[in-house]
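Trainee: I have a model open and could use a walk through it. Where do we start?
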Amino acid sequence: MSVSPARAVLLSTCLLKVSEGGCDTVTMVVTTLLCWIAALFAGYGLLMYAVSGLPLAASFREAGSSLFTLGYASGVDRNLIALDFLAAASGPVVIALQISYLPTLYNAYNRREVEVTLLQARAAEPAWGPELLARQALVGTVDQLAPLYQSWERLAADIGESHSNYPVLLSFRSPRPYRSWIVGLLAVMDAAAMHMALAPTAAPVPTARLILRSGFTALRDIARVVGIPFNPDPFPDDPIELTFAEYEAGVERVVKAGFMAERSAEESWPHFRGWRVNYERIAYALARKVDAVPAVWSGPRDWPAEPMAPNRPVDRRPDATR
């Protein structure tokens, strides 16, 4: 099959860009193509063996010749001519599908990773909901969280649509080891839930509620595709894995950074838990499934790992006496 120069450049660019997410991504795409070709080769070989009565080796030679478009039809058995043409059409079709498939995957991957990278400046690496609130309190930009919630509301909808239609995207890792799309989404949702729970009058409630709704709806769409069980209508007081002691430590970190809390940890806990019960189980299962960085409040992994707290840079300021 001949490929135009423009298509060749596009394919090479996509492979290069996707490879920035890790060699496992390229391996996955190439392995998928090879598996499709191998399955077609085996299928047509066995069909030709059954129809023609040729020896098995000759049947597979015939199938390979047709599948890889070497250009001849069977001169041994006329019954093989139809299969030759079908096999000859299958090879180019599979390769063309893969060439068209890669840009779609990369576009979805790129949209996701742009927001994950932008979140690093606000919530550190690995991302954590309380750290997101704490950092904004430290630099006086708590009022800028509403636009962030809006951006992640749209991203959550995008992830829900793209990752449920193309589940292979779940395994496309971020370029940096301490970044992860599921950890980032969980951190933003936790921050929005804490924001409303701790400061119900000052929080941007409409945008915070929307990111939470969009977030757990997207996670549920993905869960249905990959087979993660969940309760579609949990009660606000249903148990969650995050303990009150862990939540209290997170609240202490946020308040210590200067966040103006209207409720104590005890008073805000039922409200926070009432939101988190909608998404915690799925988020933990996905983080475990994709081997995401073991961030705080992101659940266990299949391998022994201690939760990694985000690294906050040292606050260095110029010395006025020098």
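Mentor: With one cut-off: a residue counts as buried when its relative accessible area is under 20%. Keep in mind that this is a predicted model.

Trainee: Fine. What share of the residues in the protein is buried?
Mentor: Buried residues are 45% of the 322 in the protein. The exposed surface comes to about 16,400 Å², with 60% of that supplied by carbon and sulfur atoms.

Trainee: How many helices and how many strands does the protein have?
Mentor: There are 11 helices and zero strands. Along the sequence the pattern is therefore just α repeated, α-α-α-α-α-α-α-α-α-α-α.

Trainee: And the contacts, how far apart in sequence are the residues they join?
Mentor: Take the contacts between residues at least 6 apart in sequence: 71% of them join residues at least 24 apart.

Trainee: Let's pick one helix. How many residues of helix 7 are buried?
Mentor: Of its 18 residues, 18 are buried, so helix 7 is largely enclosed by the rest of the structure.

Trainee: What span should helix 7 have, and how far apart are its end C-alpha atoms?
Mentor: Helix 7 covers residues 181-198, and at 1.5 Å a residue those 18 residues should span 26 Å. The end C-alpha atoms are 25 Å apart, which agrees with the expected value.

Trainee: How does helix 7 cross helix 10?
Mentor: Helix 10 is residues 265-276, and its axis comes within 8 Å of the axis of helix 7, crossing at roughly 145°. The crossing is right-handed.

Trainee: Which residues of helix 7 and helix 10 meet there?
Mentor: From helix 7 there are L186, D190, A193, M194, M196, A197 and L198; from helix 10, S268, H271, F272, W275 and R276. By type, the residues of this contact are eight nonpolar, two polar and two charged.

Trainee: Switching to loops. Where is S174, and is it buried or exposed?
Mentor: S174 lies in the loop between helix 6 (145-165) and helix 7. Its relative accessibility is 9%, so S174 counts as buried. The C-alpha atom of S174 is 9.0 Å from that of Y109, although the two residues are 65 apart along the chain.

Trainee: Which peptide bond is cis around P126?
Mentor: The one from E125 to P126, with omega near -10°. P126 sits in the loop between helix 4 (80-123) and helix 5 (129-139).

Trainee: What about phi at A124?
Mentor: A124 is not a glycine, yet its phi is positive, about 70°. The residue is in the loop between helix 4 and helix 5, and at 4% relative accessibility A124 counts as buried.

Trainee: What does A124 touch in helix 5?
Mentor: E131 is one residue to look at: E131 lies in helix 5, and A124 is among the residues that E131 touches.

Trainee: Which others does E131 touch?
Mentor: Leaving out residues up to four places away in sequence, E131 also touches R122, A123, R253, P310 and R312. E131 is itself buried, with a relative accessible area of 0%.

Trainee: Last one, W297. What is its phi, and where is it?
Mentor: Phi of W297 is near 65°, a positive value in a residue other than glycine. W297 is in the segment after helix 11 (280-289), and with a relative accessible area of 6% W297 is buried.

How values were computed. Residues are numbered from 1 along each chain as its sequence is written. This is a predicted model: local features need pLDDT of at least 70, side-chain atom pairs count only at pLDDT 80 or more; totals for chains, interfaces and linings use all residues. Side-chain values use heavy atoms; hydrogens and water are left out. Helices (H or I, at least four residues) and strands (E, at least two) are DSSP runs, numbered from the N terminus. Buried means under 20% relative accessible area, exposed over 50%, partly exposed in between (1.4 Å probe, protein chains only). Contact means heavy atoms within 4.5 Å. Accessible areas come from the Shrake-Rupley method with a 1.4 Å probe; for residues, only the protein chains shown count as cover. The expected span of a helix is 1.5 Å times one less than its number of residues. Axes are lines fitted to C-alpha atoms, for helices over the stretch in contact, and angles run from 0 to 180 degrees between N-to-C directions. A crossing is left-handed if the near helix is turned anticlockwise from the far one by less than a right angle, and right-handed if clockwise. Ala, Val, Leu, Ile, Met, Phe, Trp, Tyr, Cys and Pro count as nonpolar, Asp, Glu, Lys and Arg as charged, and the others, Gly among them, as polar.
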